[in-house]
Each structure stands twice: as C-alpha cells, then as structure tokens.
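This report describes a single protein chain with a ligand. The model is examined from its ligand site outwards, through its cavity and pocket, to individual residues.

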Amino acid sequence: MGTVPPLSYSGFSAYEECPLRWKFRYIDKLPELPRGYFSFGRSIHSALEEFVGPLAKAAGVGIVPAGAPGTVQRTLRDFDARSGKVEPEEERTLPPPMPLPELLEIYRRVWVSDGYLSPEDEKRYFDLGADLLRRFHALFLSAPPCPIAVEQELDAQLDGIRVHGIVDRIDTTPKGALEVLDYKTSKELSWQDAKESDQLTLYQVLVERNYSRPVETLTLYHMRTLSPLRTPARGPDEVSELASRMGEVSDGIRAEVYDPRPGPYCQRCDFRARCPEWKEVPVEERARVFELVERYAELRRQGEGLRQEMEAVASELHEISEHLGVHRLSGRSGTVYRHKETPWVFPPEQVLPVLQAAGLLPRTSRVDGEQVARLLHDSKVPPEVRRTLREKGSRRAEWALRFERNGGRYRDS
Ligand code: SF4
C-alpha cells in the first residue's frame, strides 16, 4: 500500500487528470520542461508577495489562528453587517504601500527566465507583467484592500484526508469575515471559473480550519484585467462533493493505482515517451508485433464469420424443428434439443433505482438480467426488495437449442 502525502490542489487535480502522470511527477519525481507562462505566473506572484506582504503582516496581527488558546471557530452568521468592520485589537500603524519604482525593481529581481520560446517572447511577457503591475499598483493605492496574509501555507484535515495549500492572499471583508484570493495570470477567466473552482473550495476549507474567522468570499483575481471574480463561500454540499472526490484520489494513491488516462492533457504531457499509451515499440520488436496484430485481426475476422455461420445454422435448425414438430435432432457426433427458455428481463430505468436504494449496485453495476434474477432467490436480499424487483421484471419466452455431444453437453443458441 502506498503512503498518501498531504494533497494539494495541484496534486489532486493532476491525479484526477491522469494517475500515471501523477506518479511520474510525485513518486518518480521526473522533471518537466519549464514553460514561459508558468515562469511568468511565478514572477508576478513573487513580486506581489513582496509588495503586499509587509501590509498584510501589520494588518493581520489581530487575526488569530483558529487553534490559538481562547479562540473559537465561528460561522458566517456571527458576522452580520451590524457587527461592523474588523478593528485591530490595538491601534496599529500600517506601513505605506511601497512606491511603484520599488515594486518594479522587485519584479526585475524575481523575474524567472525559464521556458520562453525566444528572447522576444520573454520580453513580451516581461513588458506585459510590468504593465499589469503598474495598473495593479495604481488600483491598490486608489482603493486599498485589507490583506491579512499572503502566500499563506496551510494544512488541515478534510474528512480524514490530509490537505495542504499555499493561499495567495487573504483579506478581511467589511463584515469582518475573510476573502480568499487566488491570482490568475491566464489569458481568459470567467466568473463561472470562480464558481466552479475546486482550488477555491479547498482553500476555503484550509482557511476555515486555520483562522478564527469564517470565509465569506472566494475570489479568482484575473491579473490581466485586474478583475476580482468573486463568489460566495461554498456550502456544505459543495465541500462534501470535493471531499468525496479527494477521498477517491487518496484511495487510488493508497492502492497504488497509476493507470494512464489518455485525454486532452496528453498534448502537454512531458512523459509521453515513457507512457504506454504513447511509447513506440522498439525497432527490433516491430516485425514480431506486426505479425501478432495481423494474426489477431485474422482470428477475430474468422471468429466473427463462424459466429454468423453458427447463427444461420441454428436458425435453420429452429425452422426445421418447428416445421416437423420435432424437438430432438440427431447427427453423427451428438444431438440438438430444442426447448423453451423464459429469461428475466429488467428495464434498467426501473430497476437501477431499486438496486441503488438497496445498496446492491456494487454487485450489479449494470443491469444484467441473469445477475438480477439471481437476487430474486438470494436470501440475503430483503424480501420487499426481491418483491419489487419481481414486479418490475418480466419473463420472455424464447426458443433455444442445447447440443449434447455423444458423451458431453453444450448450450448453443
Ligand atoms: S501521455 Fe497522457 S496518458 Fe500518458 S501519462 Fe501523460 S497524460 Fe497520462
């Protein structure tokens, strides 16, 4: 059994996308190629951390972690508008935001050069970053937010799963609760992205488990347009939906299930040369593999032909048996018996809910008539469930052939 590390959002989503890629990245620790857009995002994040950090440090002194002695985790209802703004416990002087030239100097210092396609490509990104930092700085000065933490590393338990994350920024809201922000430097971003972001849901859990104030707002901050895409904090159903998916990922890692899951992510996967879905057959084995595939295709073709021929002969046997009014037809090697069968038929749309409610789906993941019919005689299945299944099903009479070789027996069709 594998050890499950604390799950971060990126680890969780990487496993959901492709368990094998997760293994290459997190167990085998294989390096991935640097990419310009990642370097760009890292540079912007680092510059903002140094810009907002000193203010958050000073403003966040009064906001105690949930686990601190004498504190109680409160819910959002404790923070209605009348409770007013968050007041620092004692008067504190916040440092003025650093001037723009200083921010741009930091940006130059923390700039990550890896992964750009060319010097021109890198310059284009650098200029874009400088421009958006200029605009961010102006906006920050004209409408100062109230950050209390930046690049905050947090750990928690979610339904028994260890989770981990580094939250870009945490602000206080006018109600005295918290706003969790994640900076995004991607080109496109919509409010729907914020509404459906698993990352924000996980960050809400992390912040709520670590701070004495509730999370009121979750925000993806689109850096290119300086748009805060705000959504209300998630409800219990959304949190539990994420917990259940993280539980599946955690179980998969524990059971060391690392199967490839080919899909759109393969296009930007750096491990294709190692992946069985994409790896090429070595030159020296190609001829043998080619022959095997051809033989397999030929046998399949023959098998299909034989099946069709057998069905045609069976149909002729049915006809002649019916025409002659005879149910026993003998040949040299054995005898064909024609008889009536009455298999059960269960309409899936009616039977699936019954199986689901009775907790029988793991044993019958799809509606297999024979399998469900066996449940009708299973004493471990409650009588009322058996009765309902019987009512939903019906029996269809059909003719079948049974072949008895001289010395053996086969049911054919
Ligand atoms: S190439 Fe596709 S299937 Fe293979 S490891 Fe990468 S993402 Fe997974």
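In the classes used here, Ala, Val, Leu, Ile, Met, Phe, Trp, Tyr, Cys and Pro count as nonpolar, Asp, Glu, Lys and Arg as charged, and the others, Gly among them, as polar. By these classes, the shell around the ligand has seven nonpolar, no polar and three charged residues. The model is predicted: local features need pLDDT of at least 70, side-chain atom pairs count only at pLDDT 80 or more, and totals for chains, interfaces and linings use all residues. Residues are numbered from 1 along each chain as its sequence is written, and side-chain values use heavy atoms, with hydrogens and water left out.

**Overall architecture**

The secondary structure of the chain comprises twelve helices and eleven strands; helices (H or I, at least four residues) and strands (E, at least two) are DSSP runs, numbered from the N terminus. Of the 413 residues of the chain, 38% count as buried. Here buried means under 20% relative accessible area, exposed over 50%, and partly exposed in between (1.4 Å probe, protein chains only). A contact means heavy atoms within 4.5 Å. Among contacts in the chain between residues at least 6 apart in sequence, 70% join residues at least 24 apart.

**The ligand and its cavity**

Which residues are around the ligand? They are C18, R21, P260, R261, P262, C266, C269, R272, C275 and W278, where a residue is near a molecule if one of its heavy atoms lies within 4 Å of it. The ligand takes up the space of the largest cavity; a molecule sits in a cavity or pocket if more than half of its atoms lie within 2 Å of its grid points. Those points belong to a 1 Å grid over the protein atoms alone: a cavity is a set of points where a 1.4 Å probe fits but cannot get out, a pocket is an open set with protein on both sides within 12 Å along at least five of seven lines, and lining residues have an atom within 4 Å of a point.

The structure holds one cavity of 30 Å³ or more. The volume of the largest cavity is about 120 Å³, a volume being the space filled by probe spheres set on the points, with grid points joined across faces, edges and corners. Its lining consists of 17 residues, of which C18, R21, C266, C269 and C275 lie nearest the centre. Helix α2 contributes the largest share of this lining, three residues. By class, the lining of the largest cavity divides into eleven nonpolar, one polar and five charged residues.

R21 is located in helix α2. It counts as buried because its relative accessibility is 6%. Not counting residues up to four places away in sequence, R21 touches E32, Y265, C269 and F271.

**The largest pocket**

The largest pocket encloses about 2,000 Å³ of space. Of the 46 residues that line this pocket, Y9, S10, F38, K184 and Q199 lie nearest its centre. The elements that each supply at least two residues of the lining are α1 (9–17), α2 (19–27), α3 (36–59), β2 (161–172), β3 (178–184), α6 (191–196) and α7 (198–210). The lining residues of the largest pocket comprise 15 nonpolar, twelve polar and 19 charged.

**Loop residues**

Four residues in loops are listed below.

| Residue | Loop | Relative accessible area |
|---|---|---|
| K29 | between α2 and α3 | 64%, exposed |
| R35 | between α2 and α3 | 18%, buried |
| D159 | between β1 (147–158) and β2 | 61%, exposed |
| T185 | between β3 and α6 | 13%, buried |

Most residues other than glycine have a negative phi. K29, however, has a positive phi near 50°, and phi of D159 is positive and near 50°.

R35 touches D114, G115, R268 and D270, residues up to four places away in sequence being left out. Its C-alpha lies 9.5 Å from that of S113, although R35 and S113 are 78 residues apart in sequence.

T185 is in contact with F40, G41, I44, M223 and R224, leaving aside its neighbours within four places in sequence. Between the C-alpha atoms of T185 and G129, which are 56 residues apart along the chain, the separation is 9.1 Å.
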